[in-house]
Each structure stands twice: as structure tokens, then as C-alpha cells.
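This briefing introduces one structure to a reader who has not met it before. Please look over the sequence and the 3D view before reading on.

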Amino acid sequence: MTTTMQELHRKKQMSRKITMLTCYDYPTAVLQDKAGLDVIFVGDSLGTNELGYERETSVTLGEIVHHLKAVRRGVQEAYLLADLPYKTYDDPGMAMITARELLSHGADGVKLEGMQEAVISHLAGSGIEVCAHLGYNPQFHEKAAVKGKTYDAARALLESAVSLQNAGASMIVLELIPEELGKAITETLTIPTIGIGAGRYTDGQVLIVHDMLGLTPHPLRHAKNYANAGEWMLQAFRAYAEEVTNGQFPQPANARTMIDSERERFMGWYSGKDRK
Ligand SMILES: Nc1nc(=O)c2c([nH]1)NC[C@@H]1CN(c3ccc(C(=O)N[C@@H](CCC(=O)O)C(=O)O)cc3)CN21
Ligand SMILES: CC(C)C(=O)C(=O)O
Ligand SMILES: [Mg+2]
């Protein structure tokens, strides 16, 4: 059985944490699914982390679809969420076409940034599960900064989150906000909150897979390294290059040979052959 939005809601009701990671490729999807992650998420962080772009806004719908299809092939159990890229949900009609495209390639739900009440109610009204995203919104905010730090900003953010829930959002990501605000929004909403740099009290947590694996060049404060994949990969690439250079790889065990009778015939022909 695959994880449903209803089960994510049940987790919130039972005060059990929801686990989510970004994912952009098939082998990573297989491992995250096997590890029992609740939500596997093809984010537009694809652009900066996997494709080498400067900004999330460069990511196209075609690129999200390409990676979503790979991830879909590897996910059996988890809920599969995908981001709507920048400029693909300017109005409810455009958002519907984009969302349907992602659903047709295997997304269970879609996520979008900002105060898009009309878009969310249009999608939710036709049965599409929509995850909202407030706080720092990389598609719309120039540089990363904590949002909701003052009384006014915190209150506005909480009220915005309530509005998006009322518009029909099924879940909400809260990015780079003070812990106190993450707690207040989580207590106020009936839909699950998923935090990234939002403190300890949200219903779930999400990290960019490159950050938690140790593949990101500079560490970010909100993330934690659970592995040093960057170091292992660098060591492995260097060791391989050195062994090929030295002739230590490949060894006879890595090679294939002919059966004796065929080798004899082949070598007989080969040694008599005119080789100039
Ligand atoms: N690798 C990666 N990790 C992320 O967490 C992440 C992405 N990419 N791309 C999409 C968004 C953008 N996010 C970001 C981007 C930058 C900072 C950052 O520069 N953080 C600073 C502190 C910023 C502040 O406190 O004002 C840091 O030092 O951690 C944080 C979150 C979160 N998401
Ligand atoms: C930061 C997360 C939630 C995101 O939107 C992404 O990875 O694209
Ligand atoms: Mg995103």
C-alpha cells in the first residue's frame, strides 16, 4: 500500500513526526523508499543542487517531469510530491494544466509557493492534493533570509497559513522561520506542517538530500550531515584514476577470456596474419 495524504494527516493527529526528503533520481528514490520515508519530494531545488543552476527560477516544467519520471520508477510506498516550477502557476488555469502534467507522470500531489489562494482552491476543488509553502520562498524572494521574525511579520505569516488551509491546502512547508512561529502555526492548523529551518515543533521535517548526505560544498545552519558522501566520492574517483593510471585496475578477475579451443584457433590465425 502506498502512503496517502490521509495517513499523513493521521500522523499529525497522533503526534507522530512526518519524514520527507528531496529526491531527483532513481537510485536515491529506491533507497529513500526502502528507508521508509513518508514523503519523497521532487523539488525545484533540483536546479541548484542537481543541475548546477544559479537559481531555482531557471528550472522548467520539462526538467521537473524528467526527474519525476525517474523518481516515480523507484518509489513504491512513499507519498510522491513534486514542485510546480516558477512561472507555471501564474493563474488558476495555468496551474491546473501544470499540476495535471505532474500528476500524469506519477506525482501524488503538487507543491507551490506563496499566497496563491485562488490557485489552491481551484486545484483542491478538482480533487488535487496541494502542499502550500510559506516563509522563505526561493522562487519569489531574492536572497535567503529568515521570515516572520517580528510580531507583525509572525502574525501575518500565521494568518496567511490559515488562509491557505481554508483555501484547501492539504499540507504546508514552512521554510526559514523562527521556532516559536513554527510551533504556533503547527498548533493552529489542522493540516500537517513540514519544516525546513523552522525549528523542532513542526509536524514533519524536510531536508535537501544533498545537504544531509554531505554533498553540498558549504554547510547550512538548518541542515545536518548524516554522511560524508562528497568525501567518499572524491576519494573513490581519485583511487580509480590512480589505479587505472598504475595498471592496478582491471585485474584478471575483472576480465573475460575465451575457451581454450577458440583461443587456439584465434591465436593461430592472428599470429599468421599480415599485420602491417
Ligand atoms: N542545498 C540546498 N539546501 C536547502 O536547504 C535549500 C536549497 N538547496 N534550495 C532551495 C531552498 C533554499 N534554501 C536555503 C537557501 C539558503 C540558505 C542560507 O543561505 N542560509 C544561511 C543563513 C540565512 C539566514 O539565516 O538568514 C546559513 O548560513 O545557513 C538557507 C536555505 C532552503 N532550500
Ligand atoms: C526547500 C524545499 C521545501 C523545496 O521547495 C525544494 O526543495 O524545492
Ligand atoms: Mg522548491
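Two residues are in contact if their C-beta atoms, placed from the backbone, lie within 7 Å. The model described here is predicted. Its strands include a closed barrel of eight, and the points below cover that barrel, the positions listed by UniProt and the residues around two ligands.

**The barrel**

- Eight strands form a closed barrel in the order 1-2-3-4-5-6-7-8, and their pairing is parallel.
- From one strand to the next, the twist averages 25 degrees.
- Strand 4 (residues 109-111) and strand 5 (residues 130-135) run parallel and are joined by two bridges.
- In strand 5, Val130 is the residue that stands opposite Val110.
- In general, strands of a sheet pair through backbone hydrogen bonds, either parallel or antiparallel.

**The listed active site**

- An unreviewed UniProt entry lists Glu175 under "active site".
- Glu175 is part of strand 6 (residues 171-175).
- Because 22 other C-beta atoms lie within 10 Å, Glu175 is buried; the cut-off for a buried residue is 20 or more.
- Not counting residues up to four places away in sequence, Glu175 touches His133, Gly135, Tyr136, Ile196, Gly197 and Ala198.

**The listed binding site**

- Under "binding site", the unreviewed UniProt entry lists Asp44, Asp83 and Glu113.
- These residues span 70 residues in sequence, yet no two of their C-alpha atoms are more than 10.9 Å apart, so they gather at one spot.
- Asp44 lies in the loop between strand 2 (39-42) and helix 3.
- Asp44 has 27 other C-beta atoms within 10 Å and is therefore buried.
- With neighbours within four places in sequence left aside, the contacts of Asp44 are Glu56, Val59, Ile64, Asp83 and Pro85. One of these, Asp83, is itself a listed "binding site" residue.
- Glu113 is found in the loop between strand 4 and helix 6 (117-125).
- Glu113 is also buried, because 23 other C-beta atoms lie within 10 Å.
- Leaving aside neighbours within four places in sequence, Glu113 is in contact with His133, Asn137, Gln139 and Phe140.
- His133 is among the residues that Glu175 touches, and His133 is also among the contacts of Glu113.

**Around ligand 1**

- There are 20 residues around ligand 1, and those that come nearest are Ser45, Ala144, Ile208, Leu220 and Arg221.
- Helix 3 (46-49) and helix 9 (209-213) are the elements that give two or more residues to this shell.
- By class, nine residues of the ligand 1 shell are nonpolar, seven are polar and four are charged.

**Around ligand 2**

- The residues around ligand 2 are Thr22, Gly43, Asp44, Ser45, Asp83, His133, Val173, Glu175, Ile196, Val206 and Ile208.
- The shell of ligand 2 has four nonpolar, four polar and three charged residues.
- Glu175, listed under "active site", is among the residues around ligand 2.
- Asp44 and Asp83, listed under "binding site", are also among the residues around ligand 2.

**A residue in helix 2**

- Leu31 lies in helix 2 (residues 26-34).
- Leu31 is partly exposed, because 13 other C-beta atoms lie within 10 Å.
- Leu31 and Ile191 are 160 residues apart along the chain, and their C-alpha atoms are separated by 27 Å.

Notes:
Residues are numbered from 1 along each chain as its sequence is written. Chains are lettered from A and ligands numbered from 1 in the order in which they are written. This is a predicted model: local features need pLDDT of at least 70, side-chain atom pairs count only at pLDDT 80 or more; totals for chains, interfaces and linings use all residues. A residue is near a molecule or strand if its C-beta atom, placed from the backbone, lies within 6 Å of it. Helices (H or I, at least four residues) and strands (E, at least two) are DSSP runs, numbered from the N terminus. Ala, Val, Leu, Ile, Met, Phe, Trp, Tyr, Cys and Pro count as nonpolar, Asp, Glu, Lys and Arg as charged, and the others, Gly among them, as polar. Two strands pair if DSSP finds at least two bridges between them. Axes are lines fitted to C-alpha atoms, for helices over the stretch in contact, and angles run from 0 to 180 degrees between N-to-C directions. UniProt positions are given in the numbering used here, feature names are shortened, and annotations may be inferred rather than shown by experiment. A residue is buried if 20 or more other C-beta atoms lie within 10 Å of its own, exposed if 12 or fewer, and partly exposed in between; C-beta atoms are placed from the backbone.
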